[in-house]
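Visitor: I am new to this structure and would like a close look at a single part, the surroundings of the ligand. Please begin there, and then go on to other parts of the chain at an unhurried pace.

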Amino acid sequence: MSSRRKFLEKSLGGAIGLTFAPLLMHGVPPAAPDGPIVLSTWNNKKANQAAWSAVESGKSALDVVEIGVKTVEADPKDMSVGYGGRPDRDGNVTLDASIMNAEGDCGSVCFLQDIKHPIAVARKVMETTPHVMLAGEGAQQFALENGFEAENLLTPEAESAWKNWQKEAKYKPIINIENHDTIGMLAMDKNGDLSGACTTSGLAFKMHGRVGDSPIIGAGLFVDNEVGGAVATGMGEAIVKVCGSFLVVELMRQGRTAEEACKAAVERVVKKQKGHKDFQVCFLALRKDGTYGGYALHKGFMYVVSTQAVPTVMDSLHYLKS
Ligand code: SD4
């Protein structure tokens with residue numbers, strides 16, 4: 001018998017089984033992979049490949065998500081995350097990131113400048129301080145004290161995008177519906193444990209000091225090792241207002257499939273917030289039984305799934321039909 005099957009049977013037979021029983025009442029979820037799984041938002045195949053190698057070598061889900069999203073933080077071509085991210089309206093690259101493990105521990109940093117790997121700083125906050133979140137100068141000071149180096153993260157491409165924006169300098173935080181790259185990643189390791197990470201440079205040309213959903217536990221990321229995990233991308237303000245990722249996990253706890261839970265969270269945004277036609281909101285979720293799904297407000301959201309070395313890119317369903 002496969003270790004995953006043994007694991008699931010053990011879970012269903014034990015105390016966690018009480019949590020799982022209702023999950024089976026809501027239709028038939030897509031077949032769970034018989035082993036670990038890695039999911040990430042948008043089309044970051046390289047991140048999944050790095051994460052998958054880490055899974056295969058037996059690393060914990062926490063290591064896996066950190067390794068996976070770091071590839072995107074270091075990539076100057078990704079203009080929504082880490083090095084190469086588009087700056088705020090004053091030309092500063094300011095970064096947000098969060099991480100959460102199977103024990104329910106979490107760490108995050110927001111409004112962090114000059115540090116290439118905010119996800120690693122978030123993990124350090126989680127593992128070495130009594131706190132969950134550090135912001136701005138304090139987060140940077142903590143990073144420097146812990147051996148991270150300060151470096152200029154503004155690439156010539158991002159600077160020229162900012163200079164172009166300055167010609168009109170219209171401040172309307174509308175998120176481009178087709179073009180995002182913020183990475184949220186969820187992983188289940190060989191032991192069946194879950195972790196998640198989320199990292200971004202946030203809205204391009206945002207107000208200086210603006211913080212989005214990605215570093216807010218429960219908004220951009222939430223993991224409950226008994227139920228599942230969720231990550232979000234899109235207009236952070238809209239995601240924060242509904243505690244999006246926490247909502248998705250709680251809906252899965254009540255028995256929704258991953259896709260149903262993501263859809264219900266998008267519908268909550270639509271119901272509660274004006275102007276939803278002008279911004280994108282997307283959720284991606286993984287349940288403890290290995291099933292997964294995503295859902296977006298607008299067309300165009302995709303996510304990458306790894307259950308083997310070659311990742312698969314999936315188009316998400318979406319709420320608005322035109
Ligand atoms: C934010 N949610 O800061 C992020 C932006 C994003 O792809 O997801 N961009 O609001």
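Guide: A good place to start is aspartate 213, where a polar side-chain atom lies 2.6 Å from a nitrogen atom of the ligand; please keep in mind throughout that this is a predicted model. The side chain of threonine 182 also takes part, with a polar atom placed 2.8 Å from a ligand nitrogen atom. Glycine 234 contributes through its backbone instead, since a polar backbone atom of this residue is found 2.7 Å from a nitrogen atom of the ligand. The protein covers 98% of the 290 Å² of accessible area that the ligand has on its own. If you widen the view from these contacts, you will find 13 residues surrounding the ligand, and the closest of them are Thr182, Arg210, Asp213, Thr233 and Gly234. By kind, the residues of this shell comprise eight polar, three charged and two nonpolar ones.

Glycine 234 also leads on to the strands, for strand β8 spans residues 228–234 and is joined by seven bridges to strand β9, residues 281–287, with the two running antiparallel. One place to find this pairing on the model is glycine 229, whose bridge partner in β9 is leucine 286. Both strands belong to an open sheet of five, which follows the order β7-β8-β9-β10-β13 and has mixed pairing. At the edges of this sheet are β7, residues 221–224, and β13, residues 317–318, each of which pairs on one side only.

In the segment after β13 comes leucine 320, which is buried, with a relative accessible area of 12%. Its C-alpha is 9.8 Å from that of valine 270, although the two residues are 50 positions apart in sequence.

Another pair of strands is β11, residues 302–306, and β12, residues 312–315, which pair in the antiparallel sense over four bridges. Together β11 and β12 make a hairpin, with five residues between them. Here methionine 302 has aspartate 315 as its bridge partner in β12.

Returning to β7, you can follow the chain back into the loop that joins β6 to β7, where serine 201 is found. Serine 201 counts as buried, at 0% relative accessibility, and its side chain reaches the backbone nitrogen of valine 81 at 3.4 Å. Phenylalanine 205 is found in this loop between β6, residues 194–200, and β7 as well. With a relative accessibility of 12%, phenylalanine 205 also counts as buried, and its phi is near 60 degrees, a positive value in a residue other than glycine. Such values deserve a second look because most residues other than glycine have a negative phi.

Tryptophan 42 is a further example, having a positive phi of about 65 degrees although it is not a glycine. To find tryptophan 42, look in the loop that lies between β1, residues 37–41, and α3, residues 45–56. Tryptophan 42 is buried, with a relative accessible area of 3%.

A positive phi also appears just after helix α7, where alanine 169 follows with a value near 45 degrees. Helix α7 itself covers residues 156–168, and its buried residues are Ala158, Trp162 and Trp165. When one looks down the axis of α7, these buried residues fall within an arc of 60 degrees, so they line one face of the helix. Pro156 and Lys167 are on the other side of α7, and both are exposed.

One more helix is worth a visit, namely α4, which spans residues 61–73 and contains glutamate 66. This glutamate is a charged residue by kind, and the cut-off for buried is under 20% relative accessible area; at 11%, glutamate 66 is therefore buried. Its C-alpha lies 6.6 Å from that of isoleucine 119, while 53 residues separate the two in sequence.

To close where we began, the ligand has nitrogen atoms placed 2.6 Å from a polar side-chain atom of aspartate 213, 2.8 Å from one of threonine 182, and 2.7 Å from a polar backbone atom of glycine 234.

Technical notes. Residues numbered from 1 in each chain as written. Predicted model: local features only at pLDDT ≥ 70, side-chain atom pairs only at ≥ 80, totals over all residues. Heavy atoms only, no water. Near = heavy atom within 4 Å. Polar contact = N/O pair within 3.5 Å; in protein donor to acceptor, adjacent residues only side chain to side chain. Areas by Shrake-Rupley, 256 points an atom, 1.4 Å probe, with all protein chains shown as cover. Buried < 20%, exposed > 50% of the residue type's maximum accessible area, 1.4 Å probe, protein only. Arc of directions from axis to C-beta. Pairing = 2+ DSSP bridges.
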